[in-house]
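Subject: Structure for your review

Dear colleague,

Please find below the structure that I am handing over to you, followed by an account of what was found in it. I would be grateful if you could keep the structure open while you read.

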Amino acid sequence: MVNVRQNLDLTRFARPAGSEAVEWRVSGAPVPYPEAVAAMETRVAAIAAGQAPELVWLLEHPPLYTSGTSGKAADLLEARFPIFASGRGGQLTYHGPGQRIAYVMLDLRQRRPDVRAYVAGLEQWIIRTLAAFNVSGERREDRVGVWVRRPDKGPGCEDKVAAIGVRLRRWVSFHGIAINVEPDLAHFAAIVPCGVADPRYGVTSLVDLGHPMTMADLDIALRQAFEEVFGSVKTRLPEAII
């Protein structure tokens, strides 16, 4: 039986009354992973010090692997691309062109200092985004991320369409989510994605599911769903680095 995680009350994640709207930025060219991490570190410190507004940063990475705090060396089956140790939660995953990364820097002190509920909020954000394209994403109690059922692959088969990995510093979040739009899914075969080795559970993308779209299409849906879960955002700033 599929173990579906129960919905959590997300109302307390709304932007605090009187606070500045969340900034929304997009980088058009792929951003190297070390550069992205350094930029997040700087911005998180500024948010924690009350010197900068919260931020959602949308981008893509060149092909690479990242290993979270629970990562295992044995889960790297073939070193096709550079691998980076990451301070985020979770295990080993792939990032690359065709995957929308959203790095989310929110001050949970002002919203809701609850890590489990925050992760559920990110899942709900993804699920509402996918619903705009008639994709039914679901959360699982024993597997973080957002999953789609694949009865065409066999009984009980499911594929992950979006991954989540977060880190908190002084209750300010960073890292975030990755939605597979049209990445090369073959690159996931070189790892045990997120430590899930069960052959019933694979990795998919929106294009693989029969929903071709542009990053701009997805970004519009992401922004609308984000406002529903987390509150209003500022005007998007293109080609921005933090």
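A strand, in the naming used here, is a DSSP run of E of at least two residues, and strands are numbered from the N terminus. Please note also that this is a predicted model.

I begin with the largest pocket. Four strands, β5 (92-95), β6 (99-105), β8 (158-169) and β9 (172-180), each supply at least two residues of its lining. Which of the strands gives the most to this lining? That strand is β8, with 5 residues. In total, 24 residues line the largest pocket, and its volume is about 350 Å³. Nearest the centre of the pocket lie Arg88, Gly89, Gly90, Ile164 and Gly165. By residue type, the lining of the largest pocket divides into 12 nonpolar, 9 polar and 3 charged residues.

I turn next to enclosed space. How many cavities of 30 Å³ or more are there? The count comes to 1 cavity, and about 60 Å³ of space lies in the largest cavity. To find this cavity on your screen, you may select the residues that line it: Thr93, Gln99, Lys160, Val161, Ala162, Ala163, Ala178, Asn180, Phe188, Pro193, Cys194 and Val203. Of these lining residues, 8 are nonpolar, 3 are polar and 1 is charged. Both β8 and β9 supply at least two residues of the lining of the largest cavity. The largest share, 4 residues, comes from β8. Strand β8 thus deserves your attention twice, as it gives the most to the lining of the largest pocket and the largest share to the lining of the largest cavity.

Finally, I come to a sheet. Strands of a sheet pair through backbone hydrogen bonds, and the pairing may be parallel or antiparallel. Here, 3 strands form an open sheet with mixed pairing, in the order β4-β3-β5. At its edges are β4 (83-85) and β5, each of which pairs on one side only. From one strand to the next, the twist averages 25°. Strand β3 (residues 64-67) runs parallel to β4, and 3 bridges join the two. Which residue stands opposite Ile83 of β4? It is Tyr65. Strand β5, an edge strand of this sheet, is also one of the strands that supply at least two residues of the lining of the largest pocket.

Yours sincerely,

A colleague

Note on methods: Residues are numbered from 1 along each chain as its sequence is written. This is a predicted model: local features need pLDDT of at least 70, side-chain atom pairs count only at pLDDT 80 or more; totals for chains, interfaces and linings use all residues. Side-chain values use heavy atoms; hydrogens and water are left out. On a 1 Å grid over the protein atoms alone, a cavity is a set of points where a 1.4 Å probe fits but cannot get out, and a pocket is an open set with protein on both sides within 12 Å along at least five of seven lines; lining residues have an atom within 4 Å of a point. Grid points are joined across faces, edges and corners, and a volume is the space filled by probe spheres set on the points. Ala, Val, Leu, Ile, Met, Phe, Trp, Tyr, Cys and Pro count as nonpolar, Asp, Glu, Lys and Arg as charged, and the others, Gly among them, as polar. Two strands pair if DSSP finds at least two bridges between them. Axes are lines fitted to C-alpha atoms, for helices over the stretch in contact, and angles run from 0 to 180 degrees between N-to-C directions.
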